[in-house]
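Here's a quick tour of some cysteines and a helix pair. Have the structure open while you read.

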Amino acid sequence: MDVNFQQTFEFAKQFAAQGNAEAMGVLGSCYLQGLGTQVNEIKAFEWLKKASELGHVQSMNILANCYEKGIGTKQDFEEAFFYYKKSVDSGNKEALLGLSLCYLNGTGVLQDDEKYRELFAEYSKYKEENKT
């Protein structure tokens, strides 16, 4: 599949400006990875935050990673945990990995080996069932 990232970026920009949460998430990812544009971590963070506030669960997971690593914003473990959990609670199974690691490492939450094992097992089961 031949992907035109410049075109994807331009379409995402257009629809994000109209308030489309998915387009905001795509635009944030484009800025984050330099797809169709220059890398701009601050703009990436801003668009991912807007998409997350509108309920885009994939953006919540990426935003959590930004908070955890200090990408485009000040590092904030409590916010990282909040957005990993919100993403999982909103049905995003991919975010189970980040959330489980928060519990393992005590990132933004009290360290809890039992909760880590429970969430990681759920994530592993999900990945096993969704092999491509």
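## The cysteines

Cys30 is buried, with a relative accessibility of just 3%. This is a predicted model, and in it the sulfur of Cys30 has its closest cysteine sulfur in Cys66, 14 Å off, which is too far for a bond. A disulfide is a covalent bond between the sulfur atoms of two cysteines. The cut-off for calling one is 2.5 Å between the sulfurs, and the count comes to 0 disulfides.

Cys102 is in no disulfide either: its nearest cysteine sulfur belongs to Cys66 and sits 14 Å away. Cys102 is buried too, at 1% relative accessible area.

## Around helix H6

Cys102 has buried company in H6, where Leu96, Gly98, Leu99, Ser100 and Tyr103 are buried as well. What covers these buried residues? Helix H5 and helix H7 (113-129) are part of the cover. Right after H6 comes Gly106, with a positive phi near 70°.

## How H5 meets H6

Helix H5 spans residues 77-89 and helix H6 spans residues 96-105; they pack at about 135°, with axes 8 Å apart. That angle makes H5 oblique to H6, and the crossing is left-handed.

On the H5 side, the contact uses Phe81, Tyr84, Lys85 and Val88, while H6 brings Leu96, Gly98, Leu99, Cys102 and Tyr103. Sort the residues of this contact by type and you get 7 nonpolar, 1 polar and 1 charged. So Cys102, buried at 1% relative accessible area, is one of the residues H6 puts into its contact with H5.

Key:
Residues are numbered from 1 along each chain as its sequence is written. This is a predicted model: local features need pLDDT of at least 70, side-chain atom pairs count only at pLDDT 80 or more; totals for chains, interfaces and linings use all residues. Side-chain values use heavy atoms; hydrogens and water are left out. Axes are lines fitted to C-alpha atoms, for helices over the stretch in contact, and angles run from 0 to 180 degrees between N-to-C directions. Helices (H or I, at least four residues) and strands (E, at least two) are DSSP runs, numbered from the N terminus. Angles under 35 degrees count as roughly parallel, over 145 as roughly antiparallel, 65 to 115 as roughly perpendicular and the rest as oblique. A crossing is left-handed if the near helix is turned anticlockwise from the far one by less than a right angle, and right-handed if clockwise. Contact means heavy atoms within 4.5 Å. Ala, Val, Leu, Ile, Met, Phe, Trp, Tyr, Cys and Pro count as nonpolar, Asp, Glu, Lys and Arg as charged, and the others, Gly among them, as polar. Buried means under 20% relative accessible area, exposed over 50%, partly exposed in between (1.4 Å probe, protein chains only).
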